[in-house]
Amino acid sequence: MKTDSVIKQEGMNILISNLGYVDAERFIVLINKEPFDYTKWREEHLDGTLNIRQLSHEAMQYSQNLK
């Protein structure tokens, strides 16, 4: 299992590589600016077609493609 520090660093790296430094910082500010309910966000922004096994499978494939 990864430590919290490793997860935070990997998350920042992903944000920066996809958004750039400025927009990654803006994203963090936006998330911290208001209460964030991940469950509600997931229901509104993800179509719900993936069950946990499918999501896990896709995450593993994505992880393998990074190597």
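This briefing walks through a bent helix, the salt bridges, the largest pocket and a few helix α3 residues.

The model is predicted, so local features need pLDDT of at least 70 and side-chain atom pairs count only at pLDDT 80 or more, while totals for chains, interfaces and linings use all residues. Residues are numbered from 1 along each chain as its sequence is written, and side-chain values use heavy atoms, with hydrogens and water left out. Two features make a good starting point: α1 has a kink of about 115°, and the largest pocket holds about 440 Å³ of space.

**Helix α1**

- Helix α1 covers residues 4-33; helices here are DSSP runs (H or I, at least four residues), numbered from the N terminus.
- Although α1 has 30 residues, its end C-alpha atoms are only 22 Å apart, whereas a straight helix would reach 44 Å at 1.5 Å a residue. That expected span is 1.5 Å times one less than the number of residues.
- The kink of about 115° is centred on G20; the bend at a residue is the angle between axes fitted to the seven residues ending there and the seven starting there.

**Salt bridges**

- The structure has two salt bridges, each defined as a side-chain nitrogen of Lys or Arg within 4 Å of a carboxyl oxygen of Asp or Glu.
- One joins E10 and K2, at 2.7 Å from N to O. E10 is partly exposed at 34% relative accessible area, and K2 is partly exposed at 48%. Here, buried means under 20% relative accessible area, exposed over 50%, and partly exposed in between (1.4 Å probe, protein chains only).
- The other links D23 with R26, where the closest N and O atoms are 3.1 Å apart. These two residues sit three residues apart in helix α1, so about one helical turn separates D23 and R26. An α-helix has 3.6 residues a turn, so residues three or four places apart point the same way.
- D23 is partly exposed, with 34% relative accessibility.

**The largest pocket**

- Pockets are found on a 1 Å grid over the protein atoms alone, as open sets of points where a 1.4 Å probe fits, with protein on both sides within 12 Å along at least five of seven lines; lining residues have an atom within 4 Å of a point.
- The volume of about 440 Å³ is the space filled by probe spheres set on the points, which are joined across faces, edges and corners.
- K2, I7, E10, G11, I14, L55, A59, Y62, S63 and L66 line the largest pocket. K2 and E10, the salt-bridge partners, are thus among the lining residues.
- Both α1 and α3 (52-66) supply at least two lining residues, and α3 gives the largest share, with five.
- The lining divides into six nonpolar, two polar and two charged residues. Ala, Val, Leu, Ile, Met, Phe, Trp, Tyr, Cys and Pro count as nonpolar, Asp, Glu, Lys and Arg as charged, and the others, Gly among them, as polar.

**Residues of helix α3**

- L66 lies in helix α3 and is exposed at 59% relative accessible area. The C-alpha atoms of L66 and F27 are 23 Å apart.
- N65, also in α3, is exposed at 65%. Its C-alpha atom is 28 Å from that of R26, with their positions 39 residues apart along the chain.
- H57 is another α3 residue, partly exposed at 44%.
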